[in-house]
Amino acid sequence: MIKKQIIYFTLLLPVLFFSQKKDSLKPGTTTSISFTIENRTSEAKNYDLTAESSNPSIAPILKTGSISIAPNENKIYIVPLKIALEAPQGKYSVFLTGIDNSTKEKFNLTSEFIVVGSREISLTTLDYPEFVKAGEKIKSTFLLKNNGNISEKLILESKNAVVDHPSKILLQPGESKIISVSKKTNIELGKNEYQNLNLTVHSEGKFSQNQTAYTSTKIISVKPVEDDIYHRLPVSASLLFVGMENSGSYEDGFQGEFHGKGSLDQENKNLIEFRAITKNPVAFNSFTRYEEYFVNYKRENLWVHLGDKNYSSSFLTEYARYGRGAEIEIDLNKISVGGFYNHPRFFRDIKDEFNVYSKLKIAKESEITAGYLLKIPRTETTDFSFTNLRLDSNAHLPYLAGKFKLNKNLEISGETSYSKTEKTEGTAFMLQTVANFEKFKGNALYIRASPEYAGYFNNTSTFNGNAQYQLTKKINVIGNYVQDAKNFQRDTLFLAAPYRKFLQYGIQFKYAKNGNLMLFNGSQRYQDRLMPREFDYREKYFRMSIDQQIDIFQINLETQFGKTDNYLTGFSGNSSFYTVNIGFEKFKTSFNIYGSYALTSRYQLQNQEQFYYGARILSRFSDKTYFSLFYQNNYMPEEYYSDRNLFELIFHQQIFRGHEFDLSARYNLQRGELGNKDFIFSLRYTVRMNLPSQKVAEYTTLSGNIKNLGVNKTEGIRLIMGNHLSVTDKRGNYIFKNVIPGEYVLEIDRSTTALNDITDINLPASLILNKQENFFNFGLTTAANIQGKIEYNETENKLAFAQLSTQRSKKKKENLVIEATNGKQTFRKIVMIGEHFDFTYLRPGDWKVKIYKNGLDKKFKIPIDHYDLYLKPSETKNIVFNVIKQSSEIKYQQETIKVTYIENKKQK
């Protein structure tokens with residue numbers, strides 16, 4: 001009785017779900033559709049019934065049947081259905097046709113339903129190498145399958161590898177593809193390291209499924225750079241041959257340089273830098289090096305410098321004075337003290353300088369400095385001075401300076417100083433403010449020094465400032481004011497720039513992502529500091545500049561219109577400039593082309609035409625080679641104070657590691673020259689070394705034995721570990737000596753073993769050698785194999801009541817995944833049903849071989865889905881996996897369900 005009730009409940013349940021016209025069903029399920037058949041006549045009816053579906057993927061399990069209905073009765077007829085897993089999303093219909101046995105009259109009933117969409121993408125790691133050698137390609141494969149019933153447009157991406165497949169694919173329901181990603185490793189890799197590859201799959205459209213799979217492979221360096229037992233200091237030594245055609249006379253010679261910079265210990269607590277450059281064999285030029293010797297040392301709170309450098313006490317007293325001397329600074333946390341002695345090399349008015357100071361830190365970015373500078377003048381009698389102020393005696397300059405961070409947006413700094421000699425006294429002060437707000441940025445500097453002040457500046461009053469305000473995201477308002485100091489005690493090594501005083505204001509408009517427009521109005525005053533003067537003018541101007549990137553081209557267009565008052569000649573006129581600058585990069589080479597046309601009244605002639613043009617090519621062929629070529633026909637007279645290249649050729653080549661040479665050739669205008677050209681060429685050879693400064697470790701050893709587990713021999717087997725090589729003796733013993741402690745990968749050269757020999761552990765193997773003596777033993781045996789086949793079978797069971805036909809149709813090829821693992825190694829293969837497979841060169845021992853359905857339809861069963869095997873040396877095991885297609889069996893009641901209705905008649 002209970003069994004019969006269960007059958008009734010099973011059959012009646014679908015009626016509740018399918019009472020509506022449209023319903024949603026899931027793919028890959030077995031269900032049923034119910035039809036209500038009415039007999040409104042007074043006679044009993046017998047019907048032959050036939051069920052059909054609108055799509056082959058919806059299969060009626062019971063296609064034919066019959067039913068008897070008493071007069072004025074209704075009965076429910078149930079059609080069991082099998083919805084295929086790959087049945088596409090959409091609306092379907094089941095048609096029921098009935099034929100009256102006596103009258104042959106037909107009736108047709110239709111039931112509609114919807115198969116809902118099922119979206120499921122799976123991405124599984126299939127195969128990848130555990131080790132590869134540097135320079136080889138890592139290749140990982142992944143199995144991508146559409147387990148849903150909707151066609152998926154998928155995008156394949158990898159952040160660190162190349163996908164060996166089109167980036168976009170269409171995957172039909174139930175379809176699977178093997179996707180591989182690869183990456184070429186760097187043959188120059190100096191250390192063993194792991195490299196992770198990934199594959200990300202996501203679908204197009206609003207509904208996005210993201211699947212990511214990873215693999216990890218260890219790369220074995222073929223050019224290993226082993227850890228050193230010494231901590232080393234980077235040092236370079238170079239020899240330069242230079243030749244120069246200077247004002248008609250030729251000079252050449254050799255110049256040597258020795259330079260080192262780095263730490264003396266592994267903890268980087270003791271830092272040192274030194275340089276020695278021999279005397280320059282030619283006249284000094286910006287493109288040649290002057291003689292220099294120095295060494296400096298730093299350790300936590302102490303810094304010491306001996307030799308040549310730019311010495312500076314403070315901004316007002318001695319801003320920059322190149323010389324030979326010594327300096328020390330001691331940091332006592334909140335307080336620092338220090339000082340220096342300097343013998344200037346390029347300023348003859350001063351013989352020696354002494355400075356002492358103390359610095360107090362009052363906050364993280366705020367401090368006060370108090371100091372004293374003594375300047376000792378030269379006592380030799382000279383008829384002229386290099387500056388506008390000549391010291392009559394020792395100059396004493398106490399000073400007080402401070403820097404204060406008021407808040408995150410404002411910073412203020414200043415200095416005041418007093419000077420005294422036997423005959424003069426003077427004062428100076430400086431104040432600077434820096435503002436940095438979200439929309440406003442500005443900087444202002446004011447300097448004032450009295451005529452008798454004996455510091456770096458004297459008889460000077462100057463102001464410099466700039467401000468920028470962001471009106472909108474695309475518009476900025478900019479203003480600049482510059483007034484150069486007229487009197488300062490510069491070194492005679494270089495010439496000073498012309499005196500300049502200008503005011504400029506305007507807007508910057510970012511009209512596009514890669515485009516800017518700048519409009520400026522202003523006035524400027526330029527005056528030559530040398531006599532006789534080449535220029536002295538005041539000019540009011542309007543300037544427009546456009547920066548635009550078009551594809552690979554960066555274009556700058558600039559034009560300026562101005563009215564010039566020429567104080568040198570006494571006339572006034574117009575000055576206009578038109579400039580074009582185009583740059584682009586292609587084939588690891590950058591190109592820049594420059595051209596400018598000027599019609600100006602700044603110099604000796606009114607409406608004087610000037611045309612400037614040039615180009616630069618910089619090519620980096622590789623990390624070891626680069627080449628540069630530059631040409632410019634001339635320079636504006638305002639740039640006379642510096643050395644200017646008219647032609648420059650530079651070539652750099654690293655011959656091999658640590659050895660390189662540089663070749664250069666230049667035509668240039670030396671500082672102060674406007675027309676006389678000089679030629680300089682040089683050839684430099686450099687050797688870069690790492691000198692030991694501290695011993696940080698001791699050499700270690702690795703030894704072991706290869707045990708014979710049934711092979712012909714264990715003698716003469718070659719083992720490789722980094723740069724080290726060892727060969728086993730008659731007993732299979734090996735040893736690596738003088739090995740630097742660290743992590744290594746031990747490999748076996750298979751060319752020195754028999755073809756089928758295999759180690760009893762995984763090799764290559766990662767080893768960490770951190771003891772004085774290290775041991776590693778393993779055995780050598782012969783490999784085993786597994787062979788197998790996936791057999792396909794169909795059941796022949798008899799039907800109980802209703803059963804799907806077992807007639808074999810043209811079946812679809814199904815992919816299954818076969819996995820073999822021993823816990824330490826895992827191998828996977830994709831195998832078709834009915835095909836053979838094998839796993840070769842396996843290490844003897846316990847192995848588990850398992851088959852995965854990989855989305856196989858539920859109607860297929862695998863009775864035994866894994867084998868636990870023990871493989872002996874040289875053994876081949878044969879296994880079979882059976883895939884059985886089971887018949888779907890539907891049990892239904894033999895008596896129909898009678899449905900009656902109670903009609904209530906309305907009484908009159």
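R538 is located in strand 35, which spans residues 536-550. The model described here is predicted. With a relative accessible area of 36%, R538 is partly exposed, because the partly exposed class lies between under 20% for buried and over 50% for exposed. R538 also belongs to a surface patch of positive charge, in which K486, K501, R533 and K540 are the other members.

**Salt bridges**

Over the whole structure, 33 salt bridges are found. Three of them are listed below with the separation of their closest N and O atoms.

| Salt bridge | Closest N and O atoms |
|---|---|
| R275 with E257 | 3.0 Å |
| E318 with R321 | 2.9 Å |
| K361 with D331 | 3.8 Å |

The salt bridge between R275 and E257 links distant parts of the chain, 18 residues apart: R275 belongs to strand 20 (residues 270-277), and E257 belongs to strand 19 (residues 249-263). Both R275 and E257 are buried.

In the salt bridge of E318 with R321, burial again applies to each partner. E318 has a relative accessible area of 0% and is therefore classed as buried. R321 likewise has a relative accessible area of 0% and is buried.

For the salt bridge between K361 and D331, the positions are strand 25 (residues 350-363) for K361 and strand 23 (residues 321-332) for D331, so the pair ties together parts that are 30 residues apart in sequence. K361 is partly exposed, its relative accessible area being 32%. Elsewhere, E257, R275, R289 and R684 are joined into one network by salt bridges that share partners. The pair R275 and E257, described above as a salt bridge, thus appears within that network.

**An open sheet of five strands**

What is the order of the strands in the open sheet? The sheet contains 5 strands in the order 1-8-7-3-5, and their pairing is mixed. Strand 1 (24-25) and strand 5 (64-69) each have a single partner strand, so each stands at an edge with one side left without a neighbour in the sheet. For strand 1, the pairing with strand 8 (residues 106-115) is parallel and comprises 2 bridges. Within strand 8, V115 is the residue that stands opposite L25.

**Strand 45 and its partners**

Strand 45 (residues 718-721) shows an alternation of side chains: L719 and M721 point to one face and are buried, whereas R718 and I720 point to the other face and are not buried.

Strand 45 runs antiparallel to strand 46 (residues 724-727), and 4 bridges join the two. These strands form a hairpin with 2 residues between them, and G722 in the turn has a positive phi of about 65 degrees. Strand 45 is also joined to strand 48 (residues 742-748) by 3 bridges, again in an antiparallel arrangement.

Which residues are the bridge partners of I720 in strand 46 and in strand 48? In strand 46 the partner is L725, and in strand 48 the partner is E747. I720 therefore takes part in bridges to two strands, while its side chain points to the face that R718 shares, where neither is buried.

Methods: Residues numbered from 1 in each chain as written. Predicted model: local features only at pLDDT ≥ 70, side-chain atom pairs only at ≥ 80, totals over all residues. Heavy atoms only, no water. Patch = residues over 30% accessible without salt bridge, like charges linked within 9 Å, V, L, I, M, F, W, Y side chains within 5 Å. Areas by Shrake-Rupley, 256 points an atom, 1.4 Å probe, with all protein chains shown as cover. Salt bridge = Lys/Arg side-chain N within 4 Å of Asp/Glu carboxyl O. Lys, Arg positive; Asp, Glu negative; His and termini not counted. Charge placed at Lys NZ, Arg CZ, Asp CG, Glu CD. Buried < 20%, exposed > 50% of the residue type's maximum accessible area, 1.4 Å probe, protein only. Pairing = 2+ DSSP bridges.
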